[in-house]
Amino acid sequence: MFEKLEIFRMASGLAKHAGTRQTVIARNIANSDTPGYRAEDVADFAKTYRRSDTGTQMRATRPGHMAWRETAYVARNTDSADPEEPNGNTVSVEDQMVKAVETKRQHDLALAVYRSSLGILRTSLGRQR
């Protein structure tokens, strides 16, 4: 019943987005010395959330129904303004570290929203824990 509340869906989506983005960032850093590797990133959560929540999309009727919707975040090559390295690599470790910090903040925000909403819900039901 409570999994259909919009605030919980949004917090869950933000946490999934942050996890996916952190994976892409880690892959970029791991390939920072690979010749010809192009840096990747995931689209902003706000853009993907608005696009997937238009109301015109089909809705799942049970768990596992249309499971392909869970992987809505796709990594894409990014063309940074920084010049590429002589070996064709476009990864800037400094930029990736900044993105990693932003992503951690997003994940922490998702957890804080979830915890706060859960506390409000419990209080409204008369439970203190």
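The legends below go with several close-up views of one predicted model.

Local features are reported where pLDDT is at least 70 and side-chain atom pairs count only at pLDDT 80 or more, while totals for chains, interfaces and linings use all residues. Residues are numbered from 1 along each chain as its sequence is written, and side-chain values use heavy atoms, with hydrogens and water left out.

**View 1. The whole chain, for orientation.**
Let us start with the overall layout. The secondary structure comes to 3 helices and 2 strands, and along the sequence these follow the pattern α-β-α-β-α. Helices (H or I, at least four residues) and strands (E, at least two) are DSSP runs, numbered from the N terminus. Of the 129 residues in the chain, 25% are buried. Here buried means under 20% relative accessible area, exposed means over 50%, and partly exposed is in between (1.4 Å probe, protein chains only). Take the contacts (heavy atoms within 4.5 Å) between residues at least 6 apart in sequence: 76% of them join residues at least 24 apart.

**View 2. Helices H1 and H3 side by side.**
This view shows how two helices meet. H1 and H3 pack at an angle of about 160°, and their axes are 9 Å apart. The axes are lines fitted to C-alpha atoms, for helices over the stretch in contact, and angles run from 0 to 180 degrees between N-to-C directions. The two helices are therefore roughly antiparallel to each other. For reference, angles under 35 degrees count as roughly parallel, over 145 as roughly antiparallel, 65 to 115 as roughly perpendicular and the rest as oblique. The crossing of H1 past H3 is left-handed, a term for a near helix turned anticlockwise from the far one by less than a right angle (clockwise would be right-handed).

**View 3. The aromatic pair of Phe8 and Tyr114.**
The structure holds 1 aromatic pair. Its rings, from Phe8 and Tyr114, have centres 5.2 Å apart and planes at 70°, so the arrangement is edge-to-face. The criteria are simple: rings of Phe, Tyr and Trp (its six-membered ring) pair if their centres lie within 6.5 Å, with planes under 30 degrees apart called stacked, over 60 edge-to-face and the rest tilted. Because Phe8 lies in helix H1 (residues 6-30) and Tyr114 in helix H3 (residues 93-124), the pair ties together parts that are 106 residues apart in sequence. Phe8 is buried at 10% relative accessible area, whereas Tyr114 is partly exposed at 38%.

**View 4. Asn28 and its surroundings.**
Next comes a residue of helix H1, Asn28. Asn28 is buried, with a relative accessibility of 0%. Leaving out residues up to four places away in sequence, Asn28 touches Tyr37, Ala39, Glu40, Val91 and Gln96. One of these partners, Ala39, sits in the loop between H1 and S1 and is buried at 4% relative accessibility. Ala39 and Asn28 are 11 residues apart in sequence, and 5.8 Å separates them from C-alpha to C-alpha.

**View 5. Glu40 and Arg27.**
Another partner of Asn28 is Glu40, which belongs to strand S1 (residues 40-42). Glu40 counts as buried at 19% relative accessibility. Its side chain is joined to that of Arg27 by a polar contact of 3.3 Å. A polar contact is a pair of N or O atoms within 3.5 Å; within protein, one must be able to donate a hydrogen and the other to accept it, and residues adjacent in sequence count only if both atoms are side-chain atoms.

**View 6. Asp33 in the loop between H1 and S1.**
Asp33 is found in this loop and is exposed, with a relative accessible area of 68%. Setting aside neighbours within four places in sequence, Asp33 is in contact with Asn87 and Asn89. The C-alpha atoms of Asp33 and Gly88 are 9.8 Å apart, with the two positions 55 residues apart in sequence numbering.

**View 7. Leu5 and Ala46, each with a partner along the chain.**
Two further residues round off the set. Leu5 lies in the segment before H1 and is partly exposed at 34% relative accessibility. Its C-alpha atom is separated by 10.0 Å from that of Ser117, 112 residues away along the chain. Ala46 lies in helix H2 (residues 45-52) and is partly exposed at 38% relative accessible area. Ala46 and Leu14 are 32 residues apart in sequence and 9.0 Å apart, C-alpha to C-alpha.
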